Amino acid sequence: MSQTPLFALLVSAFGCGAFAQNAPADGVLVPPPPPDVSAAGQSDEPKSVGDFVSRIMREDDPETAALLLGSTQLQDALRAADPVDFPKLFEHAAELRDMEQMLMAPANLSTLRLNILSRAGCRFCQNPERMEAWAARDRFVIDAVKKELPEVFWDWRALADSQRAWVVAHGDDAKSWERLTMLERRGKLDGWAQQELDALSKLNPSTPAEVRAMGERIYVVFGIVGAEKTQPVLERLNQASVAVAKLAQARMTALPKDRALRQALADAQNAADPAARLAALNRLFDGLGRPDAAVRAAAPAAPGQIFDDRSRKLTADLLRGGLMREISGTWAGDDLAAFFKDHPLNIAVGPTQMAAIAWYQNDVLSFNEKFIQEYVKARGKNIDDLARDPVLLGGLIHEVAPTFVHEATHQEQDAWAKKLGIPFYGGEGPEKEAMTVQSLYVLQKEKLDASYRRYAEANVGTSTFVREDLALAQDLRQSGANWFGELVWASHYAGFPSIASNAWTNIALRARVAGDANAELARRAKRPAAEQQRLAAQADFAKSYPSVDALVADFPKVGGDALRDLLGKLAKADAGEAGVYDAYQQRLNSVDATTDERLKTLNDGAAPRDAVPLPATVNH
Amino acid sequence: MTTLRLAAFAVLLCAAAGAAAPAASAAPAREELDASFACASPAGWSAARRPDGVIFSAAGDPSGVNPVITVRYVGPDNKLYATVDAYMSRITAKPDVAIPGWKTGAVSSAKVAGRAAKRVVNEESDFVPPHALTTQEVPVREEHVAVPASRGFYVLVFRAPRAAYAAQRPIFARVLASFKPKL
């Protein structure tokens, strides 16, 4: 992973003076009153600095926090009253808002857990006892999430027997466990997870029930170590799942009196691992003259089906030219062609532990080589055949073009954010937009291009990706852009950061950094004059830091001016955060409006033409 | 069960009001419509307010697809479907390429909030996680109920994994029964 310019992220400000931080009418930045709040409650509002500090810092009261976050006048008054401790107060208010945003929407257990773990600097979030007590009191946190929290935080009573046994064997008990933070609990359970991963990597399930049981065990491990480390066992599970289903199918098939075929079936039944079972099934189905695409895709790769640097570059070059030709003539294609006139179009093919078939990062659009490998394997071809077989390449390009449009939209968003001088956030706005642009592309493409439509019709029954693209496009056509985005977000991205929660997370993070910088300056002020002079003359910050913790760890080593400069930039960034929120929201609104206009002009029922030629091969 | 009352929100009909405004007026007059509504909030579901409605979501379906109920107002200036009939026509339009497992239901009549509404149930599918090697298809059932208003209309939609639909349908029935539109 590359070094993240976190310093830039922390201090990038957006110069939109017209946006009032406490003003949004629909109560996104300032939470709306809960349904059963009555006017009588208002007499209980905090009245003094002490009230605010007590309610936010000691009682974790989200309503007082919302009051503070929603009023710049209040912030100014409290900052003036206690300039040193104000950042801590503000930080915790933002943490409360951030956590409330996260826990008021449904999300699965693992997503919740990973989201909380990712906030390593939030001492409140990492304290299971305090978080659970707070969530129980908070009226916005939904019941389903409250019930999940003991498991999310690995409370003693929620641990699996094997986890508890591991923890006891390594010196802890219920009492000592209670005192641990969430991160410390994960650290302890990591050993158990590694042991479990070892066991899972040797499993060879042979019935659907055993496949399900393996999946459940992987899910538990996933919640501790995350996606990257579980990917190898997930692949084994996928192989096992296909192998078990296809073995059942093979057993039902009447085999001719052919010794090789009967041996293949016997080998599949007695295989020592899922890969061997798939290889035997592949021999069987090929021998029957009924090659099975799912078995071929999951089976071990032949030498010509394994990527190396040369074939990665070859495939990336083929995709670069083919994809831009494929999308030309569509709205998305025209928009992206204009964008790529003055932005780099870097396509890469590479390995990843992620399950995503493509991703965008730092001006590079990358495709997961495993997806392409499975595509050629399912057709009994080699990677180099992509350069020789226009139909094979054309099919791949039809399959990945919608995803290319999605990821290229993220590159456009990144360039837009850079141009405005604001951070490029993932989450709600960018994902809704990318899904919308991608789905409109499919909807238009199936109307314009007969070759795409034929491909879609021929493969909709067998390709999950084609089916998914067509389904999303139809959802967009039915709902219109705004509600398509809402439904995609509610159905698929539960637990991902919303535009508002990105704002709160950053405000909380900056408040924490400002608190530490103030504390360092206060510490220096108490030192003898000679030492103060020496500290003031220390170096400036480095250009980038791998983490916020690394940035904060440098505070004692940098000069006083550098710290004060940082504080000024943090304050400016906080003042601009509402503008960042506004910019993301306006961009999404604009995309929705354009999409609805375009949807309206799509001529339902028009016959598609062969206007876009099949991608040609690329010469090297 | 608690009752959720959405804050009144204004729908600005600039074009229509402008046409009716006196010609001498430099700025078009703005007419504000209160299209708010009240409905039961499903216990234990999250409620996310939107400018034109609310999204209730339930957590924890093993399929990975959250059951969702949406209630929203659609103004007469909507670009894609300005009337109940236009909405039903769009929601029952068949895909250009037939998708296995997808079925468009027949539009039927219903009574909601004492008004003659239209209802349709479609069979669809969701894909989780999106665009991944491990993507799984989840059959989904989607019920749309469009309720006319004095201007525009309201839409109540229940979307759930097919396996969970029957068990959760009574929750949607309670939302429908409690629905009180203002317009």
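The legends below describe close-up views of a predicted model with chains A and B.

Local features are described where pLDDT is at least 70, side-chain atom pairs count only at pLDDT 80 or more, and totals for chains, interfaces and linings use all residues. Residues are numbered from 1 along each chain as its sequence is written, while chains are lettered from A and ligands numbered from 1 in the order in which they are written.

**View 1. Helix 6 and helix 12 of chain A pack against each other.**
Here helix 6 (residues 109-117) and helix 12 (residues 208-251) of chain A have axes that come within 9 Å and cross at roughly 15 degrees. Helices are DSSP runs of H or I with at least four residues, strands are E runs of at least two, and both are numbered from the N terminus. Axes are lines fitted to C-alpha atoms, for helices over the stretch in contact, with angles running from 0 to 180 degrees between N-to-C directions. The crossing angle makes helix 6 of chain A roughly parallel to helix 12 of chain A; angles under 35 degrees count as roughly parallel, over 145 as roughly antiparallel, 65 to 115 as roughly perpendicular and the rest as oblique. The crossing is right-handed, a label used if the near helix is turned clockwise from the far one by less than a right angle. Look for Leu109(A), Ser110(A), Arg113(A) and Leu114(A) on helix 6 of chain A, meeting Tyr219(A), Phe222(A), Gly223(A) and Gly226(A) on helix 12 of chain A. Contact requires C-beta atoms, placed from the backbone, to lie within 7 Å. This contact has four nonpolar, three polar and one charged residues. In this scheme Ala, Val, Leu, Ile, Met, Phe, Trp, Tyr, Cys and Pro are nonpolar, Asp, Glu, Lys and Arg are charged, and the others, Gly among them, are polar.

**View 2. Arg236(A) sits in helix 12 of chain A.**
Staying with this helix, we come to Arg236(A), which is buried because 21 other C-beta atoms lie within 10 Å. The cut-offs are 20 or more other C-beta atoms within 10 Å for buried, 12 or fewer for exposed, and partly exposed in between. Leaving aside residues up to four places away in sequence, Arg236(A) touches Ser201(A) and Pro274(A). Asn204(A) is 32 residues away along the chain, with 8.7 Å between its C-alpha atom and that of Arg236(A).

**View 3. Two loop residues of chain A have positive phi without being glycine.**
Asp60(A) has phi near 50 degrees and belongs to the loop between helix 2 (49-58) and helix 3 (62-69) of chain A. Asp60(A) counts as buried, since it has 22 C-beta neighbours inside 10 Å. For Asn362(A), phi is near 45 degrees, and the loop is the one between strand 2 (358-361) and strand 3 (364-368) of chain A. Asn362(A) is exposed, with 8 other C-beta atoms within 10 Å.

**View 4. Seven strands of chain B form an open, antiparallel sheet.**
The strand order is 5-6-7-11-10-9-8, and strand 5 and strand 8 (108-112) are the edges, each pairing on one side only. Pairing calls for at least two DSSP bridges between the strands. On average, neighbouring strands are turned by 25 degrees against each other, direction ignored. At one edge, strand 5 (residues 46-50) and strand 6 (residues 53-57) pair over five bridges, and a hairpin of two residues joins them. You can find Arg49(B) opposite Val54(B) here. Strand 9 (residues 115-128) and strand 10 (residues 136-148) pair over eleven bridges, with Val120(B) opposite His144(B). Helix 2 (residues 84-91) of chain B lies across strand 7 (68-74), strand 9, strand 10 and strand 11 (153-161), at about 165 degrees to strand 10.

**View 5. Chain A and chain B meet through 48 residues of chain A and 42 residues of chain B.**
Several helices of chain A each supply at least two residues to its side of the contact, including helix 12, helix 21 (428-448) and helix 28 (560-601). The largest share, eight residues, comes from helix 23 of chain A. By class, the chain A side has 22 nonpolar, ten polar and 16 charged residues. Helix 23 of chain A lies across strand 9 and strand 10 of chain B, running at about 155 degrees to strand 9 of chain B.

Technical notes. Two residues are in contact if their C-beta atoms, placed from the backbone, lie within 7 Å.
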